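User: I am new to reading protein models and would like a close look at a single part. Could you take me slowly through how the helices pack and what surrounds that packing?

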Amino acid sequence: MIAPLKQGVTLAQPNGPVIETGRLRLRQWCGADVAPNTAMLSDPGTARFITVDGKPVTSELAGWRNAAVMSGHWALHGAGMFVVEEKKTGRFAGRVGPWFPPGWPGFEVGWGIASDFRGKGYAVEAARASIDWCFATFELDQILHCIDCENTASQAVARRLGAEKQGEIDLFGHAADVWVTHRDAWTAKLKA
């Protein structure tokens, strides 16, 4: 727990982009996101596909570390996965966005939506906004989506985004398909 601040003292605040869609707000991380992110990762069905070891996060410290990695990606690289917040309720709905730590197979836009918010199209809505932002921000010809071969829900999201499956890799000891969103196809779809 952080100690109370002295009167008149402020700490550094994230100053990154905020993207709004019809139903969602994509923003940088803050301390209030640690608990709902930890809760999302404690779900075995979610953890299976988005934690490093495929196991649920079972401790407050492990959840804090995960959120620190997510927010640290922003601090180190100037971009990273956004917190997805439902505008109507202000609740944490998941995380979506760019991910490119050292040794990663390429510049990825990934997604993870908390179980309470699945089935509403939030992954597609947030990923579209994130892909738009990435193509507007970075000189990229393509964006990857690394999806566990057994993750049929994320494969469906990739298809709805218009991504193409282009190969398979080993990711943390699990077979993952590499889906690709090409800039040319993405911008052509937007103009149509």
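Analyst: What follows is a walk through one pair of packed helices and the core beside it, and then through a second pair and two loops. Please keep in mind throughout that this is a predicted model.

Two packed helices are described by the angle between their axes and the distance between the axes. For helix 4 and helix 5, which covers residues 152-161, the angle is about 50° and the axes are 10 Å apart. An angle of 65 to 115 degrees would count as roughly perpendicular and one under 35 degrees as roughly parallel, and helix 4 and helix 5 are therefore oblique to each other. Their crossing is right-handed, and the contact is made by Ala123, Val124, Ala127, Arg128 and Ile131 on the helix 4 side, with Val157, Arg160 and Leu161 on the helix 5 side.

Leucine 161 deserves a longer look, since its contacts, leaving out residues up to four places away in sequence, include Val124, Ala127, Arg128 and Ile131, and also Trp111, Trp186 and Lys189. In soluble globular proteins, nonpolar side chains tend to be buried together. Here the largest nonpolar core has 49 residues, and those that touch the most other members are Leu26, Trp111, Ile143 and Leu161. Helix 4, which spans residues 122-137, gives the most to this core, namely 10 residues.

A second pair can be read in the manner of the first. Helix 1 (residues 34-42) packs against helix 3 at an angle of about 110°, with 9 Å between the axes, and these two helices are therefore roughly perpendicular to each other. Val34, Asn37, Thr38 and Leu41 of helix 1 meet Gly63, Trp64, Asn66 and Ala67 of helix 3.

Leu41 also leads to a loop, because threonine 51, apart from its neighbours within four places in sequence, is in contact with Leu41 and Val57. Threonine 51 sits in the loop between helix 2 (44-50) and helix 3 (60-77), and its relative accessibility of 11% means that it counts as buried. A polar atom of its side chain lies 3.0 Å from the backbone nitrogen of glycine 54.

Another loop, between strand 4 (92-99) and strand 5 (108-113), holds tryptophan 104, which is buried, with a relative accessible area of 19%; the cut-off for buried is under 20%. Beyond its neighbours within four places in sequence, tryptophan 104 is in contact with Trp99, Cys146, Leu171 and Phe172. Its C-alpha atom and that of leucine 171 are separated by 9.0 Å, although the two residues are 67 apart along the chain.

Methods. Residues numbered from 1 in each chain as written. Predicted model: local features only at pLDDT ≥ 70, side-chain atom pairs only at ≥ 80, totals over all residues. Heavy atoms only, no water. Helix = DSSP H or I, 4+ residues; strand = E, 2+ residues; numbered from the N terminus. Buried < 20%, exposed > 50% of the residue type's maximum accessible area, 1.4 Å probe, protein only. Polar contact = N/O pair within 3.5 Å; in protein donor to acceptor, adjacent residues only side chain to side chain. Contact = heavy atoms within 4.5 Å. Core = buried A, V, L, I, M, F, W, Y, C linked by side-chain atoms within 4.5 Å. Axes fitted to C-alpha atoms, helices over the stretch in contact; angles between N-to-C directions. Parallel < 35°, antiparallel > 145°, perpendicular 65-115°, else oblique. Left-handed = near helix turned anticlockwise from the far one by under 90°.
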